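Here is a set of short questions and answers on one protein model. Look at the coordinates first, then read on.

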Amino acid sequence: MVFWIVIGVLILVVAALLALALLRGRDTGVAAAEYDLQVYRDQLAGVERDLERGVVSKEEAARIKTEVSRRILDTDKALQAAEEVHRAPKAMTYGAILASLVLLAASVGVYQKIGAPGYPDLPLKLRIAEAEQARESRPSQAEIEAQVPPMAVDVDPRQKELVAKLRTAVAARPDDLKGHELLAGNEAALGNYTAAYRAHQRVIEIKGADATADDYADLADLMIVAAGGYVSPEAEGALKKALTLDPENGKALYYSGLMFAQNGRPDVTFRIWKDLLEASNPNDPWMQPIIAQIEDAAAFAGVDYRVPPMMRGGGGLAGPDAGAVAAASEMTAEERQDMIQNMVSQLSERLASEGGSAQEWAQLIGALGVLGDKDRAARIWGEAQQVFAGDSAALETVQAAAVRAGVAE
């Protein structure tokens, strides 16, 4: 309410000042003209007195009266003209006031439509705290599953029959690891993702301490699909276990970024996805989903970021096409070496002239390491350290390739 009072008062004050300016008009010099007119009138009276005292002759008095009268007429005309422009037309004044009121009403209407009336200012700490509270109080897996419509999957009736038999067999052997793994995969193939992740939960229970990060990441994946893409608290728990076992698990990192995006923390999402994008291989399954969403996450986080063109084209860096691969299979070892050298040279020239992503620099260093050209790989690593001096995540990506090539520690 205070906001509206302040805005209303400000608009009314501006409107009042504008109207007052129009009413008062500009300085036309009226006061000076009135003073001159009074002086000329006094001069006429003085001529009469001088004539009565005999100070001036009748002819001289007549000449002076004529001259002063002319000046009086000129001054009076100027005074009347100034009075005509002293005030703006009433229509203009009323129009300005009306326009101000319309502006006030339009502002209120627009704010009611696209603004947030009554919503308090949100400092960064408060927004983060509210996002964390929303994440902790979000709906459970079961609540969301109840709202997700069944997934229609065109399945061969014989497969349904085989899965029904598998369910019966697994129910009779609750500790059959292979049976539960098969059941989880087949339930997912039928679109029964709830049944699939429950079977997978049993797989993890049977494995116990031997359960891997991939096991927990796969569990989270099935739960998220069952919830229509929603990352529930239960799925988040599986992701945390996966990352505890393997902090670099790509699937768990991707879904963790998605979870933060769904709960008001696009800044965290962007950091996770950017690092994962630069550290992943072109054909990793999370590459395309990240490429499709990371620019939006960056924009919501207030970061100007664009996916490198080489990644956008096909989810990774450029490499030999199918024809080149087929031709390479018929080459001698020396010819294949020459082909690789040529590709490395092209990549090196492009990075030197146009620049590129950390992943492309890492690819070049890795290729030079494979070719045994460690001196050149070391030089490229040195250049990369200068190029990415202010980007620790990019440096880590390139350094990992340099370590594998044996030119960094």
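Q: In which loop is Arg306 found?
A: This is a predicted model. Within it, Arg306 is in a loop that precedes helix H15 (309–314). The loop is the one between H14 and H15.

Q: Is Arg306 buried or exposed?
A: Exposed requires a relative accessible area over 50%. Arg306 has 56%, so the residue counts as exposed.

Q: What distance separates the C-alpha atoms of Arg306 and Asp296?
A: Arg306 and Asp296 are ten residues apart along the chain. Their C-alpha atoms are separated by 9.7 Å.

Q: How many helices and how many strands are there in the protein?
A: The protein has 409 residues. Its strand count is zero, and its helix count is 20.

Q: What share of the residues is buried?
A: A residue is buried when its relative accessible area is under 20%. Of the 409 residues in the protein, the buried share is 33%.

Q: What percentage of the accessible surface belongs to carbon and sulfur atoms?
A: The accessible surface of the protein comes to about 24800 Å². Carbon and sulfur atoms hold 57%.

Q: What part of the contacts with a separation of 6 or more comes from residues 24 or more positions apart?
A: Take the contacts in the protein with a separation of 6 or more. Residues 24 or more positions apart account for 61%.

Q: Why should helix H13 span the length that its end C-alpha atoms show?
A: H13 covers residues 266–279, which is 14 residues. The expected span is 1.5 Å times one less than the number of residues. That gives 20 Å, and the end C-alpha atoms agree, being apart by 20 Å.

Q: Why is H13 described as largely enclosed by the rest of the structure?
A: Buried residues in H13 include Phe270, Ile272, Trp273 and Leu277. Lys274 and Glu278 are buried as well. H13 is largely enclosed because the buried residues among its 14 number ten.

Q: Is Asp267 of H13 buried, partly exposed or exposed?
A: Asp267 lies in H13. The partly exposed class sits between buried, under 20%, and exposed, over 50%. Asp267 has 23% relative accessibility, so this residue is partly exposed.

Q: Which side chain makes a polar contact with that of Asp267?
A: Asp267 has its C-alpha atom 9.2 Å from that of Ala299, 32 residues away along the chain. Its side chain also has a polar contact of 2.7 Å. The partner is the side chain of Arg265.

Q: Which helix gives the most residues to the largest nonpolar core?
A: The largest nonpolar core has 41 residues, and Trp273 and Leu277 are among those with the most contacts inside it. Helices H9 (193–207), H10 (213–226), H11 (233–245), H12 (250–262), H13 and H14 (287–300) each supply at least two residues. This core also draws at least three residues from each of domain 2 (140–263) and domain 3 (267–312). With nine residues, the helix that gives the most is H10.

Q: How many residues are in the second, separate core?
A: This core includes Val344, Ile365, Val407 and Ala408. Its residue count is 22.

Q: Which residues is Val231 in contact with, leaving aside its neighbours within four places in sequence?
A: Val231 is one of the residues with the most contacts inside the largest nonpolar core. Leaving aside neighbours within four places in sequence, its contacts are Arg138, Ile224, Glu236, Leu239, Tyr255, Leu258, Met259 and Gln262.

Q: Which side chain makes a polar contact with the side chain of Ser232?
A: Ser232 lies in the loop between H10 and H11. Its relative accessible area is 0%, so Ser232 is buried. Leaving aside neighbours within four places in sequence, its contacts include Arg138, Pro139 and Ser140. The polar contact, at 2.5 Å, is with the side chain of Gln141.

Q: Is His200 buried or exposed?
A: His200 lies in helix H9. Its contacts beyond four places in sequence include Asp215, Asp218 and Leu222. Its relative accessible area is 10%, so His200 is buried.

Q: Is Arg379 buried or exposed?
A: Arg379 lies in helix H19 (residues 374–387). Its C-alpha is 9.2 Å from that of Ile365, 14 residues away in sequence. At 52% relative accessibility, Arg379 counts as exposed.

How values were computed: Residues numbered from 1 in each chain as written. Predicted model: local features only at pLDDT ≥ 70, side-chain atom pairs only at ≥ 80, totals over all residues. Heavy atoms only, no water. Helix = DSSP H or I, 4+ residues; strand = E, 2+ residues; numbered from the N terminus. Buried < 20%, exposed > 50% of the residue type's maximum accessible area, 1.4 Å probe, protein only. Core = buried A, V, L, I, M, F, W, Y, C linked by side-chain atoms within 4.5 Å. Domains from an automatic or database assignment. Contact = heavy atoms within 4.5 Å. Polar contact = N/O pair within 3.5 Å; in protein donor to acceptor, adjacent residues only side chain to side chain. Areas by Shrake-Rupley, 256 points an atom, 1.4 Å probe, with all protein chains shown as cover.
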